[in-house]
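Trainee: I've got this one open on my screen and I'm not sure where to begin. Can we go through it together?

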Amino acid sequence: MSLRQRLVPYWLLGPGLLWLIIFFVVPMYFMGELALRTGNLTTGFTFNWEWSNFPDSLSGHTEQIWRSFYYAGTATLLALLIGYPLAYAIAFRAGRFKQLLLFAVIAPFFTTYLVRTIAWKTILSDSSPVVSVLQTLSILPPNGRLLATSTAVIAGLTYNFLPFMILPLYANLERLDLRLIEAAKDLYSSSTQAFLKVTLPLTMPGIVAGVLLTFIPAFGDYINAQILGGTQQAMVGNVIQSLYLVQRNYPEAAALSFLMMGLILAIVVIYIRFAGTGAFMGDEEEETA
Amino acid sequence: MTLAIASALALIVLAVGLAACGGTTGGGGNTGEIETAKAGPVEGKLTISNWPGYIAPGDHGTVAEFERKTGVNVSYIEDVNETESFFSKMQPLLEQGESGGRSLYVVADYMAKMQHDLGYLQNIKKSDIPTVFENLLPSLRSPDFDPNREFSVPWQSGMTGIWVDTSKAPEIHSINDLFDSKYAGKITMLGELRETVPLVMLAEGIDPAKASTDQWLHAIERIKDAASSGQIRHFTGNEYTEDLNAGNIVAAIGWSGDSSLIENENAEWRMPTQGCTMWSEDMVIPVGAPNTAAALEWMNFVYQPKIAADITDYVQYISPVSGVQELLKERGSELANSQIVFPTEQFTRKCTGQNSPPDLEPVNEAWQEVITG
Amino acid sequence: MSAAWAWLRRNALRIYAALAVAYMLIPIFVIAVFSFGNTPRDKLTFGLEHGFTLEYWETIFSLPELNEALLTSLRLAAFATLISTAIGTAMAMALVRHRFRGRRATNLLIVIPMATPEVVIGAALLSMFIYYSFALGFTSLLIAHVMFSISFVVVVVRSRLIGFDRNLEEAAADLGATPFATFRTVTLPLLAPGVIAAALLAFALSIDDFVISNFNSGTTVTFPLYVYGVSLRGIPVQVNALATLLFVLIVVAVSLVLIQQRRAERMAAVRPEQEGPPPIPAPGAAAAT
């Protein structure tokens, strides 16, 4: 190959890599740098190697961090339980309607995150038919409510991130060679066994991708908590948002963001080392550097 | 592998280099002389930021009338939802001497002082706003934070008290009632430190103007317990009106003039038994404001009694302009007799102003913890 | 009776899929229906006591702030889509068709932004902008939107490229076509659906974005930011009408793309989704669950 030909990929990659480095990697560095400053608005923020910002930012907020794990975890589990059968149905039972159904899954994206979360707020409001029905069925106590509870926030998170679960699941399920299941049946396994021993393991990469793509954004979300939750449902995202945009305590805000980022990065790196970036990107072969 | 190491090293060098360029940043305020807003021919475009529902709207509203009279093209943006978050949005711009295109916006007294001290506001010459000083109520002419009215011109005043849904909880009259467990989860309070906490202190018999930091913190503890137990549903800015409308709450700490935004016919504003918090909001001209001449003319315009009466008619807050009550009486408006719009000394005898705690930082920190959840 | 049961069992998954999809479309339905509801204050209430009206559809463009916000969002999304699709497609081509050093690092760099919560991305960018006293506004928003879209574009185009049948390009070359002509008449048309899908995704992500925009918009107002502002004081019903209109327009656009894709596939006799022989349908599939 000529030198020019060998350089082609670098030209193709260049703009994208540059953009990502300058506007993703570098800001991360700045966030870390801001986390080491002290000061406030009146005095300005001076660089001080203030490592204490990191434990300080955690100290008041452990409750929100655990809560974020709990909410995001539950929402992810629910999304998996709801989304897997749906993805399976679209991949193998949909026939002509496959693309239509896929589109229906993405459709909520087109109504603006806020508008549809606010729609849920009113659907679940105290005087809505939904709440009345639940009260009649004794699922809710007589003056119980759905809004400003953990249930509402988890329901909102599940709904909003369901497409993030379904799409990777679908992409993976679609490649499933049904003849393998045929083969299992030929070898006298029941439907359940076939599912547990053939389908599930083969679709595991899709499940893991879906879980990661759902859990991580859900963990950092604050809109659902703000709109559907009350005073006791604040998540880490709410704290960070308040620190930056209301309190203007930039150093503490940056420290907390950095810690959260580090936590998630740890999870992702462990997974990638485990399964290879290729699996995360959706194909089965491992790529070499 | 070597590529990875090389790029990592390059990044580190780059980073250190960048860090060397910076020292103190992000704050420190504007150093240098405070400018005075320039008067001049009144024309062109004027951009104003204000709280929602704070002006007479529509074709015969304040903005339309001003446009007709002066030929100025007004862009009136209702993007102030909370004092603190609006300031957070503006701060990086103001620090650079920019205002994001705004010539004028409306902020609370204490915020006006804060911004002035940071050098973010322009001064206003008395001779440029004659109509204002002709008609400004005597009680507002010389406030503590701006004794000569150099940088702030009152827009409206109001009272913070309790909005009650009388069909669901008619017996709520005192702030202490809001802590009654039979209303658990059906109460909201304002997230503004200087409005909610003084109310709670009043309810305990403490004078907020003289309260010690410990007394502030104690009141905040009480509110915090109520939030943890689920008694308080939300800490709100403007949005308590929506909760009232939807029937999600039975009572809210809220602002006296918000009836135009509340659909719930059973809701009424009540003066708390132990007294309310009174506040004022001011028009200010920020640094970097374009077309200050039009902004000054706007100030003069809204201080004409007729225009001020139109505004009061709609927003139902307390006008800073004298002569409005008489005008409304002439129009046969019920508001002329309203205690909420024209409160008597007797009505507000127990009320306090928007006080700040003696030691702001620990109180602010404690408060932020409570309202963030 | 047992015939009915048998039918139920066979179609259980399909019925479930239908219910799940209905659940996903509930808020959209609610939003659309209540855009026709008459309300006293012209602000959204989810109740139909006051009857129906077309008033808000007729005055759909009568709120200057709303229009400006929507236009800003559309402009932002258009630019962001153009830039990120171009950059992302180039990256995808390099990743799939070329050999180069640093593949693992590149994959990582593409994947990590997708796995980072928006709060952290928004906050980090803000940190950098604060540091350089960079004025927040349209430009800062554009930078942010392109940044978070690139990864998604790469993933979508890449999956399309992987399933690409290169025999067709070889055939064209065998028939005497120059590389450029091959690219123009064979590669590009077949790649187009993937690129368009990626562009649509980037567009949707940009229009929908709230969190990152909230941190980096300064005083510029995008559509989601506008909705957030008015949601505190009563949403004008026109917002719902606009959201519904936007949704319908996107549905139409995507349907057209799908139809076009079907036609192109039929003409090129290529099925890009499948690698290898298709799984044996019907008897095997029915027994597989």
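Mentor: Sure, and keep in mind that this is a predicted model. Let's start with an arginine, B:R270, which has a relative accessible area of 10%.

Trainee: Okay, is B:R270 buried or exposed?

Mentor: The cut-off for buried is under 20% relative accessible area. B:R270 comes in at 10%, so this arginine is buried.

Trainee: Which residue does the side chain of B:R270 meet in a salt bridge?

Mentor: Look for a carboxylate with an O atom 2.8 Å from an N atom of B:R270. This partner is partly exposed, with a relative accessible area of 36%. The residue you want is B:E268.

Trainee: Then there's the salt bridge of B:K210 with B:D207. How far apart are the closest N and O atoms?

Mentor: Check the surroundings too: B:K210 has a relative accessible area of 70%, so it is exposed. B:D207, at 33%, counts as partly exposed. Their closest N and O atoms are 3.1 Å apart.

Trainee: How many salt bridges does the structure hold over all chains?

Mentor: Besides those pairs, there's a network of salt bridges linking A:D126, B:K186 and B:R233. Over all chains, the count is 18.

Trainee: Let's go to chain C and chain A. Which side chains meet in a salt bridge there, 3.8 Å from N to O?

Mentor: The rule finds one salt bridge across this interface. One partner lies in helix α5 (residues 113–123) of chain A and the other in helix α8 (residues 179–208) of chain C, so the pair joins two chains. Both partners are buried. They are A:R116 and C:D208.

Trainee: And how much area do chain C and chain A bury between them?

Mentor: The contact takes 91 residues from chain C and 92 residues from chain A. Eight residue pairs are in polar contact across it, both at pLDDT 80 or more. Carbon and sulfur atoms account for 76% of the buried area. The total is about 8,700 Å².

Trainee: What is chain C itself built from?

Mentor: Follow chain C from the N terminus and you get α after α. Buried residues make up 54% of its 289 residues. The tally for chain C is zero strands and twelve helices.

Trainee: Which helix of chain C gives the largest share of the largest nonpolar core?

Mentor: That core has 239 residues, and A:Y244, B:I223, B:M283 and B:W298 touch the most other members. The largest share is eleven residues, and they come from helix α5 (residues 118–131) of chain C.

Trainee: Back in chain B, which residues of helix α2 (residues 62–70) are buried?

Mentor: Their cover includes β2 (45–49), β3 (73–77), α9 (292–302) and α10 (305–315) of chain B. From the other side of the story, B:W298 is in contact with residues including B:T62, B:V63 and B:F66. The buried set is B:T62, B:V63, B:A64, B:F66 and B:T70.

Trainee: Last one: which side chain makes a polar contact with the side chain of B:S280?

Mentor: B:S280 lies in strand β10 (residues 277–284) of chain B, and at 6% relative accessibility it counts as buried. Among the residues in contact with B:S280 are B:A108, B:D109 and B:L140. The polar partner, 2.7 Å away, is B:S157.

Technical notes:
Residues numbered from 1 in each chain as written. Chains lettered and ligands numbered in written order. Heavy atoms only, no water. Helix = DSSP H or I, 4+ residues; strand = E, 2+ residues; numbered from the N terminus. Buried < 20%, exposed > 50% of the residue type's maximum accessible area, 1.4 Å probe, protein only. Core = buried A, V, L, I, M, F, W, Y, C linked by side-chain atoms within 4.5 Å. Contact = heavy atoms within 4.5 Å. Polar contact = N/O pair within 3.5 Å; in protein donor to acceptor, adjacent residues only side chain to side chain. Buried area = accessible area lost by both parts, 1.4 Å probe. Salt bridge = Lys/Arg side-chain N within 4 Å of Asp/Glu carboxyl O. Lists of a residue's contacts leave out its neighbours within four places in sequence.
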